[in-house]
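Visitor: I have just met this structure and would like to learn to read it. Please take me through its features one at a time.

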Amino acid sequence: MKKILLAIVMVASAVAANAQTAIDSYKFFDNWSIGIQGGVYEPTVGQSVLKDMRAGVNIEVAKQFTPIFGVSGTMFTGINANNNNDRATAFLTYNPAPKTVFDFSNISLNGLLNLSNLFGGYNGEPRPFEVVARVGAGIGHMWGHVAKNHAQSNSGIANFGLDLNINASKALTVTIKPAITYYRVSKGLDVRNSQLTLLAGLTYHLGTCSNSTRHFKTYDVGAMQDEIARLNAELAQKPKEIIKEVEIIKEVEKPVIVEKTIKEATQLAPVVIFQQGKSVIDASQKPSVAMIATYMKNHPTCKVAINGYASPEGNPELNQRLSEARAKAVYDSLVKTYGISADRLSYKGLGVTDELFDENDWNRVATFIEESK
């Protein structure tokens, strides 16, 4: 088992190392789902086929950490049909048959490995059909009367199975779950202490994630780097020096002396581009923020003004607020994520512009100006 797990880790590492895409960051409450399935189960051995088949219900809550790896918690309950058959597994041998509604319940924590994304890569949205491997462990509990010479009412369990997922929509997945569950695992994985399960049901993906989708979002790393390089080159062709004169008047009885302080403001190359109508920093733009943070850490005395802009389409008042929100988002990222002192930063929204870049899509930006005396 250790060799198998090590092989899976090595394959996953190799796939990740060769990937040409970057996965958008996510928050804790992103990529959760809840599912319910119904189906049948029966002992793996000890009975003729279908003789002791009974119904069961499964409830599942899952969380995906990456397009490949996730975890889930499940509770499966076997329904007692009271057909007077003695149970064939050691964990579930009843004599006489129980009179309770349920035969048994088990609760387990499972690791999920999306084999489709592991070996086929992830293209930015779920496939129409996916295969997920499931490995879990937990505890099972029998309900009703148990003969004294048989198993305890509680037992450790291990389960192995597949999730065959048909993604009917962005929010809903139809799932078929074949699996085998072992009981009394403290004594080893004995097929005589196991049962086969076949379930089918629906999984609902909870809400929209922080990236405005119900799944992981990817970015082409090469295209992202090319775009940043192109925008930096275009910005570098524009005037870099902006000279501002600030008049400071000092009254010394008579005469009045006017002193002029000249402050240079240098346009820094990186820019942060926003989606239309949005003020959230995309993952593709975070390298530009990181570049400014690195620059400020390497120049501890510099101060930077952040200017937010909006493209011309839309309501002017809304665009003004949007430009301010974009500048504030970059300011917050530098302070909270990169630890830049707030007194070295300032931000403001300058409303609509169509002069920074030739294409309006690129004028939805935040720019950086280094101020020094």
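Visitor: Let us start with R184: is it buried, exposed or partly exposed?

Guide: R184 counts as partly exposed, with a relative accessibility of 22%. The general idea is a scale of relative accessible area, taken with a 1.4 Å probe over protein chains only: under 20% is buried, over 50% is exposed, and anything in between is partly exposed. Before we go on, note that this is a predicted model, where local features need pLDDT of at least 70 and side-chain atom pairs count only at pLDDT 80 or more, while totals for chains, interfaces and linings use all residues. Numbering runs from 1 along each chain as its sequence is written, and side-chain values rest on heavy atoms, leaving out hydrogens and water.

Visitor: Where does R184 sit, and what is its phi?

Guide: You will find R184 in the loop between strand 8 and strand 9 (194-205). Its phi is near 50°, a positive value in a residue other than glycine. N31 can be read in a similar way: it is not a glycine, yet its phi is positive, at about 60°. This residue belongs to the loop between strand 1 (21-23) and strand 2 (32-43). N31 is buried, at a relative accessible area of 10%.

Visitor: You mention strands and loops. How many helices and strands does the protein have?

Guide: Both are DSSP runs numbered from the N terminus: H or I over at least four residues makes a helix, E over at least two makes a strand. Here the protein has five helices and 16 strands. Of its 373 residues, 40% count as buried.

Visitor: How do I read a single helix, say helix 4? Which of its residues are buried?

Guide: The general idea first: an α-helix has 3.6 residues a turn, so residues three or four places apart point the same way. Now to the case here. The buried residues of helix 4 are S288, V289, I292, A293 and M296. They line one face of the helix, because they fall within an arc of 140° when seen down its axis; that arc is taken from the directions from the helix axis to the C-beta atoms. On the face turned away from this buried side are the exposed residues K297 and N298. Helix 4 covers residues 286-298, 13 residues in total.

Visitor: What about salt bridges? How many are there?

Guide: Look for a side-chain nitrogen of Lys or Arg within 4 Å of a carboxyl oxygen of Asp or Glu. By this rule there are six salt bridges. One of them joins the side chains of R134 and E60, at 2.8 Å from N to O. This pair connects distant parts of the chain, 74 residues apart: R134 is in strand 6 (residues 129-142) and E60 is in strand 3 (residues 54-64). R134 and E60 are both buried.

Visitor: Which residues are linked with R134 and E60 in a network?

Guide: A network of salt bridges links E60, R134, D163 and K177. K177 belongs to strand 8 (residues 172-183), and it is buried, with 6% relative accessible area. Its side chain has a polar contact of 3.0 Å with that of E60, and another with that of D163, also 3.0 Å. A polar contact is a pair of N or O atoms within 3.5 Å; within protein, one must be able to donate a hydrogen and the other to accept it, and residues adjacent in sequence count only if both atoms are side-chain atoms.

Visitor: Where can I find a salt bridge inside a helix?

Guide: Try helix 5 (residues 316-337), which holds both D332 and K328, four residues apart, about one turn of the helix. Their side chains meet in a salt bridge of 2.9 Å, N to O. D332 is buried at 18% relative accessible area, whereas K328 is partly exposed at 30%. Another pair is D190 with R192, whose closest N and O atoms are 2.8 Å apart. R192 counts as exposed, at 56%.

Visitor: And E370: what does its side chain contact?

Guide: E370, in strand 16 (residues 365-372), has a side-chain polar contact of 2.6 Å with Y295.

How values were computed: The expected span of a helix is 1.5 Å times one less than its number of residues.
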